[in-house]
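Reader: I've got a model open and a few things I'd like to ask about it. Can we go through them one at a time?

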Amino acid sequence: MESYTYLLLLAIILLSTKVLGLATEKIHMPQVVGALLAGIILGPSGFGVLQSTDFLVKTAEIGVIMLMFTAGIDTDMQELKKTGPQAFVIAVMGVTVPLLLCGGLYFLFFGGELTFMNVLKAAFVGSVFSATSVSITVETLNEMGKLKTRTGTTLLSAALIDDILGIIVLSVLSGLSSGGSSPLLVLGRIALFFLFTLVVGLVVRRLFGFISEEHWHSRRVAIWALAFCLIMAYCAEELFGVADITGAYFAGLILCNVTKSRKFVAKKMTVAAYMVFTPVFFASVGMKTDLKTMNSEILLFALVLVAAAVLSKIIGCGLGGKLCGMSNHQSLVVGIGMVARSEVALMVAQKGINAGMIDPVILPAIVLSVIASALLTPILLKLSIAKGPELT
């Protein structure tokens with residue numbers, strides 16, 4: 001007899017993630033935290049109501065793909081042009097320092113022998129903390145009236161470039177982790193993927209530009225955009241050995257300049273994703289965060305990782321700001337503004353677990369670090385702005 005339990009599980013996930021999301025929002029925390037808590041409380045760590053099934057795994061994967069596509073299409077290229085070189089330097093430092101510091105910390109605790117695979121696993125952990133979630137920073141700066149300052153604009157641009165660089169790093173690591181291929185062959189496949197993306201992008205951007213002239217507000221445009229996102233995700237994974245979320249992200253980047261239909265498509269995709277798919281993704285991460293496996297070593301690692309996650313962005317992005325001629329105060333504000341991690345970090349962690357590069361045992365430490373960085377960012381940002389000179 002066919003089981004319809006999946007319908008009940010889906011209803012429980014949607015209700016619990018939204019209720020706890022609203023509860024965390026009431027105390028000025030991201031709704032993502034509530035969704036994670038729903039998975040932890042109702043999953044194996046808590047009441048055991050939610051169990052991972054093939055349906056939930058596939059639904060969560062679609063949620064990740066749609067999230068990354070939305071992140072790509074929401075990228076403001078005009079914003080990047082304003083502070084391009086300066087933001088690029090800050091972003092490079094903001095990716096490199098967390099990659100080395102957080103990855104090195106993992107290797108110190110669990111790395112074992114100095115082998116290529118162990119270094120690759122450490123790099124995967126480091127890459128989790130390379131990407132920035134700027135939404136929390138935007139909200140804080142906007143509240144303080146500092147969003148449109150030169151420092152605020154540079155910070156936003158750096159965060160956008162930071163995400164792109166983080167996805168490229170993930171692509172390289174995913175290719176290297178597949179095994180059976182030489183690093184040179186892997187890099188060759190990745191180069192071919194970007195060439196493929198460039199060629200497809202030129203064609204698809206022109207095609208969508210033509211379509212959106214008359215049908216920019218039509219649902220068919222959103223459906224075609226979603227189909228394009230899924231095709232790019234498939235091609236990235238199957239043809240080039242690159243993570244599917246990389247294909248989805250670059251599909252969004254390709255369409256982010258189709259100005260007439262961009263906002264409409266982004267809105268429709270966001271609604272579709274957050275109605276079903278993304279709550280399942282965040283709940284599934286929470287379900288995999290098995291707190292019962294935490295011992296004293298994992299707990300110590302989690303506490304040190306929180307410090308490393310915060311300091312690595314402040315040091316890396318702050319140093320990048322100084323190299324670009326910013327004052328000490330401006331550099332500090334930029335560094336703190338880049339501390340928050342959220343969806344992208346969890347997505348990279350999920351891909352690392354699926355690839356066998358991140359041990360699920362350390363997922364509680366990663367989740368704790370993501371939550372802590374999201375909570376600390378607005379507090380530290382307000383303190384740094386209030387105690388320093390006026391931002392320009």
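Reader: What percentage of the 392 residues in the chain is buried?
Author: Keep in mind that this is a predicted model. A residue counts as buried when its relative accessible area is under 20%. By that cut-off, the buried share of the 392 residues is 55%.

Reader: And what is the radius of gyration of the chain, set against a compact globule?
Author: For 392 residues, a compact globule would come out near 21 Å. Along the principal axes, the C-alpha atoms fill a box of roughly 70 × 60 × 50 Å. The radius of gyration agrees with the globule value, at 20 Å.

Reader: How many helices and strands does the chain have?
Author: Strands are quick to deal with, as the count is zero. Among the contacts with a separation of 6 or more, 81% join residues 24 or more positions apart. As for helices, the chain has 16.

Reader: Let's look at a helix pair. At what angle do the axes of α8 and α14 cross?
Author: Two packed helices are described by the angle between their axes and the distance between the axes. Here α8 covers residues 150-177 and α14 covers residues 328-337, with axes that come within 10 Å. The crossing is right-handed, and its angle is roughly 40°.

Reader: Which residues of α14 does α8 meet?
Author: On the α8 side, the contact is made by Arg150, Thr151 and Leu155. Sorted by class, the contact of α8 with α14 has three nonpolar, three polar and one charged residues. The partners in α14 are Gln330, Val333, Val334 and Gly337.

Reader: Is Ser284 buried or exposed?
Author: Ser284 is part of helix α12, residues 259-288. Leaving out residues up to four places away in sequence, Ser284 touches Ala60 and Gln350. The relative accessibility of Ser284 is 11%, and the cut-off is under 20%, so Ser284 counts as buried.

Reader: Now for a loop residue. How does Gly48 count by relative accessible area, and what is the value?
Author: Gly48 sits in the loop between α2 (31-42) and α3 (54-73). With residues up to four places away in sequence set aside, Gly48 touches Leu42 and Gly43. Partly exposed covers the range between under 20% and over 50%, so Gly48 is partly exposed, with a value of 28%.

Reader: How far apart are the C-alpha atoms of Gly48 and Met287?
Author: Along the chain, 239 residues separate Gly48 from Met287. In space, the distance between their C-alpha atoms is 9.0 Å.

Conventions: Residues numbered from 1 in each chain as written. Predicted model: local features only at pLDDT ≥ 70, side-chain atom pairs only at ≥ 80, totals over all residues. Heavy atoms only, no water. Axes fitted to C-alpha atoms, helices over the stretch in contact; angles between N-to-C directions. Helix = DSSP H or I, 4+ residues; strand = E, 2+ residues; numbered from the N terminus. Left-handed = near helix turned anticlockwise from the far one by under 90°. Contact = heavy atoms within 4.5 Å. Nonpolar A, V, L, I, M, F, W, Y, C, P; charged D, E, K, R; others polar. Rg over C-alpha atoms; globule rule 2.2 N^0.38 Å. Buried < 20%, exposed > 50% of the residue type's maximum accessible area, 1.4 Å probe, protein only.
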